[in-house]
Amino acid sequence: MSESTSARSAEPRPDEPEPIRAVPLRHPGRWISGAIVLVALGLFAWGAATNEAYRWDIYAQYLFDARITAAAWKTVQLTVLAMAIAVVLGVVLAVMRLSPNPVLRSVAWLYLWVFRGTPVYVQLVLWGLFPSIYKQIDLGIPFVHQFVHIDVQGLNAAFLFAVIGLALNEAAYMAEEAAYMAEIVRAGITSVPEGQLEASTALGMSWSQTIRRTVLPQAMRVIIPPTGNELISMLKTTSLVAAVPYSLKLYGRARDISGANFQPIPLLLVAATWYLAITSLLMIGQYYLERHYSKGLSRQLTARQLQALADAQNAPVTEAGKPTPKPGAPGEERI
């Protein structure tokens, strides 16, 4: 083909429409609203930095105080223990609600009705008054012989009552979550294609290995998000255990210190900073757990998977996110 012929073929014909000139859509409202928000945030930050009522010097002095760090650790312990008890008791209550036994169903419904229908602060106040309501506890054969005698008023168990109060309240919510998640997990297990189970059996996996490696990873994608949210909510709810009263956790310690130096604002900021730091760590852990158990859910390859595919084909990764196949490699278009 000559150069003149190729030039004539490249010229547009009269009957062809003109190429479309795509003009990107303008969004001035987004830029204006963003600028307004940035200006407002800047003004707020400047006002907080220059406001003497915040007493940032006191804030810096007590941020890593030994009493505050010890109280933060107590708050984490309180959260973990109460959540562990709540999960176990919540699962038991969920099983009772699903039981065909009318007595078990009625007791579980009564428990949920009481603990979900009353504020957690009121429940914690009652747990603080537990030694006044039950001065002693006798365990044994009724009206015959008591094996164990516990003097409740002599116990210094504010931490224990705080854990029990938080756990019993959270168990009511966990029972609802567990009953709901139980149906989701059951549906997820039954929705697993039989071919996957057959493939696991063909690979020589036992029943427990099939459940652990094939079925449960799919259920964990459903279980982790609500459980992580409840754990973070439990951490924030620990600030209410001052009603027991228990003052060795984070908010109680900050309040005690502010009562001594008459600086409540910077001490509240210290407590808020520690709560925010702990919840941020929990959110990061929850994010990585969810990402771990979401592998294979999306067909979009991750950067590591793309690099592994490129290494297998001995080709660099292109900007489009796909490796360039070498000559003769599978997937190469041959002419």
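## From a surface patch to the cores

On the surface of this predicted model, the residues V122, L126, L129, I133 and Y134 form a nonpolar patch, and their accessible area together comes to about 470 Å². One of these residues, V122, belongs to helix 6, and with a relative accessible area of 42% V122 is partly exposed.

Helix 6, which spans residues 120-128, also has a buried side, for V120, Q123, L124 and W127 are its buried residues. Viewed down the axis of helix 6, these buried residues fall within an arc of 100 degrees, so they line one face of the helix.

From helix 6 the path leads inward. L124 is among the residues that touch the most other members of the largest nonpolar core, a set of 28 residues in which Y111, L166, V241 and V244 share that distinction with L124. The elements that each give two or more residues to this core are helix 4 (66-98), helix 5 (102-117), helix 6 and helix 8 (158-191), and the largest share, nine residues, is supplied by helix 8. How V244 is placed in the chain's packing can be read from its contacts: not counting residues up to four places away in sequence, V244 touches L124, G128, L129, A158, F161 and A162. L129, one of these partners of V244, is also a member of the surface patch described at the start. Another core lies apart from the largest one and holds 17 residues, among them I58, L235, L267 and I278.

Helix 8 deserves a closer look through A172, a residue that lies in this helix and that, at 0% relative accessibility, counts as buried. When its neighbours within four places in sequence are left aside, A172 is in contact with Y111, L112, F115 and R116. Of these partners, Y111 has already been met as one of the residues that touch the most other members of the largest nonpolar core. The C-alpha atoms of A172 and A108 are separated by 9.0 Å, although the two residues are 64 residues apart along the chain.

Charged side chains form another part of the picture. Side chains of opposite charge can pair when their charged atoms come close. The count of salt bridges comes to two. In one of them the side chains of R55 and D57 meet, with an N to O distance of 3.1 Å; R55 is partly exposed at a relative accessible area of 30%, and D57 likewise counts as partly exposed, at 46%. In the other, the side chains of D65 and R67 meet at 3.0 Å, N to O. Here D65 is buried, with a relative accessible area of 18%, whereas R67, at 38% relative accessibility, counts as partly exposed.

The chain as a whole gives the setting for these details. Its secondary structure comes to 13 helices and two strands, and buried residues make up 27% of its 335 residues. Among contacts between residues at least 6 apart in sequence, 66% join residues that are at least 24 apart; the contact of A172 with Y111 belongs to the packing between helix 8 and helix 5. The chain exposes about 23200 Å², and carbon and sulfur atoms supply 65% of that area.

Methods
Residues are numbered from 1 along each chain as its sequence is written. This is a predicted model: local features need pLDDT of at least 70, side-chain atom pairs count only at pLDDT 80 or more; totals for chains, interfaces and linings use all residues. Side-chain values use heavy atoms; hydrogens and water are left out. Buried means under 20% relative accessible area, exposed over 50%, partly exposed in between (1.4 Å probe, protein chains only). Helices (H or I, at least four residues) and strands (E, at least two) are DSSP runs, numbered from the N terminus. The arc is that of the directions from the helix axis to the C-beta atoms. A nonpolar core is a set of buried Ala, Val, Leu, Ile, Met, Phe, Trp, Tyr and Cys residues joined through side-chain atoms within 4.5 Å. Contact means heavy atoms within 4.5 Å. Patches are made of residues with over 30% relative accessible area and no salt bridge: like charges are joined within 9 Å, nonpolar side chains (Val, Leu, Ile, Met, Phe, Trp, Tyr) within 5 Å. Accessible areas come from the Shrake-Rupley method with a 1.4 Å probe; for residues, only the protein chains shown count as cover. A salt bridge is a side-chain nitrogen of Lys or Arg within 4 Å of a carboxyl oxygen of Asp or Glu.
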